[in-house]
Amino acid sequence: MYESMKMSVEHVVETGKISEEYNTSDEVRQVFSQWSIDGFTRQNHPTVIQVLLDQNKDKDITGNCLPNLVYVSRQKSKTSPHHFKAGALNVLVRVSAAMTNAPVILTLDCDMYSNDPTTPLRALCYILDPEMQSNLGYVQFPQEYHGLNKSDIYACEHKRLFKVHPVGCDGLCGPSYVGTGCFFRRRALCGGPSTLILPEIDGLCPDSVVNKPLTAPSVLELAHHVAGCNYENQTKWGSKIGFRYGSLVEDYYTGYRMKCEGWRSIFCYPETAAFLGDVPFNLLDVLSQNKRWAIGLLEVAFSRYSTITFGVKSMGLFMGLAYSYYAFWAILTIPITTYCLLPQLALLNELSIFPKVSDPWFLLYMFLFLGAYGQDLLEFVVDGGTIQRWWSDQRMWIMRGLSCHAFGLTEFVVKSIGIPTEGFNVTSKIINDEESKRYEQGVFEFGVPSPLFVTLTMAAIINLLSLIIGLVRFIVDGGSNKEGLVMQLVLTGLIVMNCLPVYQAIALRSDKGKMPTKTTVTATLLASAVYVVASQFL
């Protein structure tokens, strides 16, 4: 029934008319007959609400009642902002309030599915606990994936974000909301625990009781009304009620604002994954997704609700710093880019910027370097990770810092001074057979030209040349500064090892996933320009 409805909607959007081929039932015809189809597009169309299953009358083959299943497509207009995913979630909150007003809401991304039927019972154990009920806002399950290759080459598991750090936050006010696999109390979306903010319609209040059937005319009328694109005008939706607007990472921002209002959350981490989802299978999609996250997090960091000021004041120092760690995530591009370029350019010019091996300060540098990597490895492995996946995580940390975080930070600054930038892009999870095969083999996908690859390739070229020239000079010439260049050679060699997939894509591959020639040429010219400029200063 859902597939039939989906095909009907997509057909209307594509052709602008209702086809009898897709609308064989009187029920579906009745749904579409109330609108004029002229001008019906993906960005401009009326609300579509269709009850596919009604628990009061639909039963399975054994005679048991089936759960309610309702298809909702909110009204869209080019003249009204729709607030992306947060706007869609708020429409679903209001429509579900009008139709059933169930006290618990599960948010789940469209590419995720339930992997354990006992998951709702686990969530209810916390939600119904009298000791937690007064201020528990949501129960967050870890975001886990199926289909990851053996080494997780793009580090899509995000072990720290989805598993390690939430355990630590659980000892404070609870984990951040990560956009999926989360059970909310409906009451928590309407102000703080002690400051209830009522919606503008009584029927949307969290304690309202719906005693009419799903298909009752008055219920459907209210549902259509609250799904309209202009309904939120002059209301508190998106600012004080529901999922919050103001950031591309509506999940992080909503959970953060709820914590500031006094709610806490629980991290439920069962042995069996509660939900499983898909991951992007090519590097461009991974970097584009992380760039969007970087921009959205910076929007929170530099807003009136900044985590470092408002957050610390509202939640306390430790929880404020925990949220700030991710809010300022993209700024890591500055030290990462510095360490990936400055020592290497200095090495090309035979300048030492680190202590000599014989200098006592060298021991401090090595202690900090090895200690940081050792702690990170221990954290990763203790939580069930492998050394191979840890290495992939380290490699992607450098790649993100050189590409999507740098572009995200730049785009945020440009947007902040009033220059328009590109809009929201949904991460694709659709792949062809060749991409799938290369992913399973652990081969990176660079096939599509993108500016995100240019800076990454430029840094890879500079590091490779720096390592080769530096080693030759070290072995053949050496000179008085030989000891001072050891640490720069080690650092450059480490980055070259992390950039091996880039070198393979440039020179050793002939498949469609290789690095586009245009990207390689642009990166080479940029690397040359950076070297020339740096030589003047160094």
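**Group meeting: two odd phi angles, a helix pair and a core**

Okay, let's start with Gln234, which counts as exposed because its relative accessibility is 83%. Keep in mind that this is a predicted model. Gln234 sits in the loop between helix H6 (217–226) and helix H7 (250–261). What caught my eye is its phi, near 65°, a positive value in a residue other than glycine. As you know, most residues other than glycine have a negative phi.

There's also Phe84, again not a glycine, with a positive phi of about 50°. Phe84 is in helix H3, residues 84–99. Buried or exposed, then? Phe84 counts as partly exposed, because its relative accessibility is 36%.

Right, on to helix packing. Helix H12, residues 360–382, packs on helix H13, residues 387–402, at an angle of about 125° with the axes 10 Å apart. So H12 and H13 are oblique to each other, and H12 passes H13 in a right-handed crossing. Who's touching whom? From H12 you've got Tyr373, Asp376, Leu377 and Phe380, and they meet Ile387, Arg389, Trp390, Asp393 and Gln394 in H13. By class, that contact has five nonpolar residues, three charged and one polar.

Last thing, the largest nonpolar core. There are 54 residues in it, and Tyr154, Leu283, Met396, Phe444 and Phe446 have the most contacts inside. Elements giving two or more residues to this core include H13, helix H8 (283–301) and helix H11 (333–348). And which helix gives the largest share? That's H16, with ten residues.

Okay, that's me done.

Technical notes. Residues numbered from 1 in each chain as written. Predicted model: local features only at pLDDT ≥ 70, side-chain atom pairs only at ≥ 80, totals over all residues. Heavy atoms only, no water. Axes fitted to C-alpha atoms, helices over the stretch in contact; angles between N-to-C directions. Helix = DSSP H or I, 4+ residues; strand = E, 2+ residues; numbered from the N terminus. Parallel < 35°, antiparallel > 145°, perpendicular 65-115°, else oblique. Left-handed = near helix turned anticlockwise from the far one by under 90°. Contact = heavy atoms within 4.5 Å. Nonpolar A, V, L, I, M, F, W, Y, C, P; charged D, E, K, R; others polar. Core = buried A, V, L, I, M, F, W, Y, C linked by side-chain atoms within 4.5 Å. Buried < 20%, exposed > 50% of the residue type's maximum accessible area, 1.4 Å probe, protein only.
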